[in-house]
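Here is my notebook from an afternoon with this one. Pull up a chair and follow along.

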Amino acid sequence: MVDVAHIIPPSPDDPPPRRSRVRPWHAVVALAVVAAVGGGLWAWKPWQSVELPKSACWGVLSANDLKPLAGPDGEATEPTPSRKIATPASGSRDYRCLVSWPDATILLDVDVRPARNRIDADRKSDAGSGSVTPLDFGADTTGWITASKIVPGNAAVRLYVPCDYDAPSDDSDQPPPKFIGVLVSGDVVHGASLGKAHQAYADIALKIGRAAATAYECRNPVTLAGTAPRVGS
């Protein structure tokens, strides 16, 4: 049987045969879209999340204060939260705030205590374990950041706020306190920016120092800087 379709030429009135709708540039665009979506998901990483306390360290800090210290994935908790900063008048010599990261590292460690004549001793001790760089937190304050020689990336910020307050009665044989000492430190958290973390230490020290001066009811006027000093990376 003869295949007529291969013998009869096409009529000029017949529509032209349809070509494939897939063109090379279509394929390029499709690949670009796939790459963009994949790259966006990798940058965003929706399978990762960070959970931070809404309030920490006696209610002085917020999640935004803690964010520079966190890694890309994990939940931070404050194991023993406290409502207010304890003072010598309430029978406490010092008070500490800890915020923990899931792998047992310490996201944030804040210590507040009376400081009599220990500033020079603390500076000498810190200089023995790392480099000491002065930080200006305001008039009559003393502050610095110590970069550890032992654990690369670890750092601590100290701030001493001048404060005239009543010492406990059992400290009558001691010289009167002259400062409130604030120490802010933490462990290196994987994925966190060291430069941002160290700056956060200074920002947190200023916030805690201001709150401590109010809690201690300093009789002298306390003048602290409006913003924390810039910390070199």
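I started with Asp140 and asked myself: is Asp140 buried or exposed? Asp140 has a relative accessible area of 63%, so I logged it as exposed (exposed means over 50%, buried under 20% and partly exposed in between, with a 1.4 Å probe and protein chains only). I found Asp140 in the loop between strand S7 (130-134) and strand S8 (142-148). Its phi is positive, near 65°, and Asp140 is not a glycine.

A note on ground rules: this is a predicted model, where local features need pLDDT of at least 70, side-chain atom pairs count only at pLDDT 80 or more, and totals for chains, interfaces and linings use all residues. Residues are numbered from 1 along each chain as its sequence is written, and side-chain values use heavy atoms, with hydrogens and water left out.

Next I looked at Cys57, which also has a positive phi, about 55°, without being a glycine. Cys57 lies in the loop between strand S2 (55-56) and strand S3 (61-62). I noted Cys57 as buried because its relative accessibility is 0%.

Then I checked the confidence. The average pLDDT (the predictor's confidence in each residue, from 0 to 100) is 82, and 73% of the residues score at least 70. Residues 33-37 fall below 50 and make zero contacts beyond near neighbours in sequence (contact means heavy atoms within 4.5 Å). Residues 39-43 are also below 50, with three such contacts. Where pLDDT is low, the predicted coordinates should not be read in detail.

For the overall layout, I counted four helices and ten strands (DSSP runs, H or I of at least four residues for helices and E of at least two for strands, numbered from the N terminus). From the N terminus on, the order is α-β-β-β-α-β-β-β-α-β-β-β-β-α. Of the 233 residues, 37% count as buried.

Which residues have the most contacts inside the largest nonpolar core? They are Leu108 and Val110, in a core of 45 residues (a nonpolar core is a set of buried Ala, Val, Leu, Ile, Met, Phe, Trp, Tyr and Cys residues joined through side-chain atoms within 4.5 Å). Strand S5 (95-100), S6, strand S9 (155-162), strand S10 (179-185) and H4 each supply at least two of its residues. H4 gives the most, with ten. Leu108 touches Cys57, Tyr201 and Ile204, among others.

I also measured up H4 on paper: helix H4 (residues 194-215) has 22 residues and spans 31 Å from first to last C-alpha, close to the 32 Å expected at 1.5 Å a residue (the expected span being 1.5 Å times one less than the number of residues). Glu217 follows H4 with a positive phi, near 55°.Ala70 was my next stop, in the loop between helix H2 (63-66) and strand S4 (74-75). Ala70 is buried, with a relative accessible area of 8%. Its C-alpha is separated by 8.4 Å from that of Ala197, 127 residues apart along the chain.

Last came Asp109, in strand S6 (residues 106-115). Asp109 counts as buried because its relative accessibility is 13%. A polar contact of 2.6 Å joins the side chains of Asp109 and Arg96 (a pair of N or O atoms within 3.5 Å; within protein, one must be able to donate a hydrogen and the other to accept it, and residues adjacent in sequence count only if both atoms are side-chain atoms).

Definitions and conventions
Lists of a residue's contacts leave out its neighbours within four places in sequence.
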